[in-house]
Amino acid sequence: MRSHTAEPSLPPPGSSASEPPHHEPGFAPGHPATAGARALQRLADHVNTHALVLLRATVGIVFLGFGILKLFPSASPAEQLAVDAATKMTLGLVPETVLLISLAALETAIGIGLIAGGRLLRPTLVAFFLHMGGVFSTLLLLPDAMWQPHSPAPTMEGQYVVKNVVLVAVCLVVAADSWGSGSRSSRRPDRTDRAASG
């Protein structure tokens, strides 16, 4: 008698053969690194969802803190710098105490508006950009305080002003979303009306 050995049969091309589950190379199912990657992904998704709120709230906290500091004499290291610049811009017609209180109120209001958002956001952004125009004007109005002598490098006070470009960039992103969403929502009925009329 001849013995017959059964050869393994291969699935025909195109058939749905069960494949082993795919795992990340180097990690077994349930590996702690896999759980860590999932946690990081959830965190990234959460931050991405709330990125704009996080941006405007953090800038708002900075402005609120600096504004409140200016309400207390000599509490803010930028107090005299701000007063000197504002005095030049107002041609010395406004008392320094009034200027300082006005700056404190403005920065505090900007901080509250950025944190609160909603209907306060758009006027707050306008006030923010106008205020930043005044802040950066100190680079020209107070050159002795802003720039090192015989050097294009900024002084410590100048660096304090220049670093505000980060805040401007953040609020540009917030403004683009706020004003852009408003323009998109205002245009949406027009497109709907044209589609209905067509």
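**Two pockets and the end of helix α2**

The second largest pocket holds about 160 Å³ of space, in what is a predicted model. Its lining is made up of Lys70, Leu71, Phe72, Pro73, Glu79, Gln80, Val83, Glu96, Thr97, Leu100 and Ile101, and the elements that contribute two or more residues to this lining are α3 and α4. Of the elements involved, α4 gives the most, with four residues. Sorted by class, the lining of the second largest pocket comprises six nonpolar, two polar and three charged residues.

The largest pocket, for its part, contains about 450 Å³ of space. It is lined by 25 residues, of which Ala82, Leu103, Glu107, His131 and Val135 are the closest to its centre. Two or more lining residues come from each of α2, α3 (79-89), α4 (96-116), α5 (121-141), α7 (156-162) and α8 (164-197). In terms of class, the lining of the largest pocket divides into 16 nonpolar, six polar and three charged residues.

Helix α2 spans residues 51-69 and includes Leu69. Leu69 counts as partly exposed because its relative accessibility is 33%, a value that lies between the limits of 20% for buried and 50% for exposed. Once its neighbours within four places in sequence are set aside, Leu69 is in contact with Ala75 and Ser76. Between Leu69 and Glu79, which are 10 residues apart in sequence, the C-alpha to C-alpha separation is 8.8 Å; Glu79 in turn is one of the residues that line the second largest pocket.

Notes
Residues are numbered from 1 along each chain as its sequence is written. This is a predicted model: local features need pLDDT of at least 70, side-chain atom pairs count only at pLDDT 80 or more; totals for chains, interfaces and linings use all residues. Side-chain values use heavy atoms; hydrogens and water are left out. Buried means under 20% relative accessible area, exposed over 50%, partly exposed in between (1.4 Å probe, protein chains only). Contact means heavy atoms within 4.5 Å. On a 1 Å grid over the protein atoms alone, a cavity is a set of points where a 1.4 Å probe fits but cannot get out, and a pocket is an open set with protein on both sides within 12 Å along at least five of seven lines; lining residues have an atom within 4 Å of a point. Grid points are joined across faces, edges and corners, and a volume is the space filled by probe spheres set on the points. Ala, Val, Leu, Ile, Met, Phe, Trp, Tyr, Cys and Pro count as nonpolar, Asp, Glu, Lys and Arg as charged, and the others, Gly among them, as polar.
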